[in-house]
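Student: I am new to this structure and would like a close look at a single part of it. Could you take me through one strand and its surroundings?

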Amino acid sequence: MTRAEVAIEQAQRDGAAELASEPFQEAQRKLNEAKAAVDQRDNVHAAQLVEEAFAAARLADLTALSEKSAKAAAEVDKSIRTLESETNRPSSP
Amino acid sequence: MSTSIKLGTLSILVAVAATLTLVGCAAAPRQDAQLDAAREAVATAHRDPQVTGDALIELSKADTALNAADALLLAGKPLADVEYQAYLADRFARAAQEHGKLLASEKTIAELDNRRNAVLLAARERETRRAIAGAASSAQETAMATGRAERAEQELAELQAKHTDRGVVVTLGDVLFATGRSELQEGSQRSISRLTAFLNEHPQRTVRIEGFTDSVGSDAYNQNLSEQRAASVAGALARDGVDRSRIQMRGYGKSYPVASNDSAAGRQQNRRVEVIISDNDQSVPERTR
């Protein structure tokens with residue numbers, strides 16, 4: 001349970017709730033289902049649901065991170081283009 | 001007889017049909033849509049060139065889960081167990097691709113940072129070069145301008161210029177002219193050159209040329225001679241590059257003597273051309289005394 005919970009918390013910190021809402025909500029749902037299965041003493045199914053929650057949380061986390069990173073790269077690229085055009089402009093007499 | 005043959009044939013047919021049915025079952029494996037989708041996701045992740053380095057951790061998990069799913073399916077295990085592994089394979093395969101994208105963006109950002117540093121460095125170097133070149137050329141210009149101005153001032157000083165409230169006054173003696181003539185003598189060029197050097201160095205200043213004579217001869221003669229001598233000097237300055245619009249001239253005849261006309265020495269002093277250079281860009285005021 002803990003491993004999946006940690007992965008979900010990490011994904012949330014990385015902004016997955018907004019940037020990768022589908023896998024993030026899925027991870028949360030799987031975790032809740034796992035808790036319900038434990039309550040019903042269905043430990044085998046609970047273990048599978050925890051693994052699924054972990055996999056979904058990792059997908060959510062990495063999706064959020066790659067999205068943020070791509071956005072950052074695009075911004076850096078834009079700023080460099082601006083910088084290049086400014087510095088290449090001949091100085092006013 | 002015929003009945004027994006028929007029964008025998010029927011039993012053979014039934015046996016063949018049963019065999020065919022069994023063979024048919026073995027040839028058509030069990031299928032699961034979720035597993036098919038997972039298989040496709042894993043294959044896509046394997047083809048993705050960005051899935052390298054740490055992203056291979058997720059891809060390895062996806063492979064393991066896919067293999068488990070295939071084995072469970074082949075062993076005829078419950079579809080729920082197959083689909084559990086298929087789920088893991090699918091999510092880890094997609095996570096591997098996201099991880100690959102993340103690594104690629106991080107690499108791009110690192111490269112862009114290097115490029116930005118290079119751009120900034122190049123810009124700083126260019127600025128430095130410009131500043132050095134600018135300082136050198138302005139120092140050179142200043143030195144040259146200072147040198148020119150100093151030389152021009154010196155030239156003027158050699159003409160024994162006097163500073164008055166009308167401006168700088170240079171008196172050119174009658175030695176520049178033959179007696180009774182208004183053409184400049186050949187030796188006068190040095191004085192003219194000194195004047196034009198100064199005027200060219202101070203293009204905003206204007207100049208007034210005034211001609212004077214001694215009291216010998218008629219007023220009309222002296223007036224005319226004084227005007228012609230002033231005009232001669234003005235023409236010489238213009239030929240040396242001083243714009244005509246900067247030059248005024250006037251003849252005063254025998255008026256405004258600077259010495260007594262009773263002696264030869266006094267009369268020589270009175271025969272003169274005065275060149276007045278303005279202190280600013282205004283015309284030199286008319287003479288009043």
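Tutor: Here is a walk through strand 3 of chain B, followed by its neighbours and two other spots. The model is predicted, so local features need pLDDT of at least 70 and side-chain atom pairs count only at pLDDT 80 or more, while totals for chains, interfaces and linings use all residues. Residues are numbered from 1 along each chain as its sequence is written, chains are lettered from A and ligands numbered from 1 in the order in which they are written, and side-chain values use heavy atoms, with hydrogens and water left out.

Let's start with the strand itself. Strand 3 of chain B covers residues 207–212, and 6 of its 6 residues are buried, so the rest of the structure largely encloses it. Here, buried means under 20% relative accessible area, exposed means over 50%, and partly exposed lies in between, with a 1.4 Å probe and protein chains only. Strands (E, at least two residues) and helices (H or I, at least four) are DSSP runs, numbered from the N terminus. V207(B), I209(B) and G211(B) point one way from the strand, while R208(B), E210(B) and F212(B) point the other way; all are buried. Take V207(B) as an example: its relative accessibility is 1%, so it counts as buried. Its C-alpha atom is 9.9 Å from that of L237(B), a residue 30 positions apart from it along the chain.

Now look to the sides of strand 3. Two strands pair if DSSP finds at least two bridges between them. Strand 4 of chain B (residues 247–251) runs parallel to strand 3 of chain B, and 5 bridges join them. Along this pairing, V207(B) stands opposite I247(B), and I209(B) has M249(B) as its bridge partner. Helix 6 of chain B (residues 219–239) completes a right-handed β-α-β unit with strand 3 and strand 4 of chain B. Right-handed means that, with the strands pointing away from the viewer, the path from the first strand over the helix to the second runs clockwise.

Strand 5 of chain B (residues 272–277) also pairs with strand 3 of chain B, in the antiparallel sense and over 6 bridges. There, R208(B) stands opposite I276(B). Strand 5 of chain B is also joined by 6 bridges to strand 2 of chain B, again antiparallel, and T171(B) has E274(B) as its bridge partner. Strand 2 of chain B (residues 167–173) is mostly covered, with 5 of its 7 residues buried. A hairpin through 2 residues links strand 1 of chain B to strand 2 of chain B; these two run antiparallel with 3 bridges, and T164(B) stands opposite G167(B).

Away from these strands, D48(B) sits in the loop between helix 2 (33–47) and helix 3 (55–74) of chain B. D48(B) is buried yet has no salt bridge (a side-chain nitrogen of Lys or Arg within 4 Å of a carboxyl oxygen of Asp or Glu). Its side chain does make a polar contact with the side chain of Q97(B) at 2.9 Å. Such a contact is a pair of N or O atoms within 3.5 Å; within protein, one must be able to donate a hydrogen and the other to accept it, and residues adjacent in sequence count only if both atoms are side-chain atoms. The side chain of D48(B) also reaches the backbone nitrogen of Q50(B) at 2.9 Å.

Methods:
Lys, Arg positive; Asp, Glu negative; His and termini not counted.
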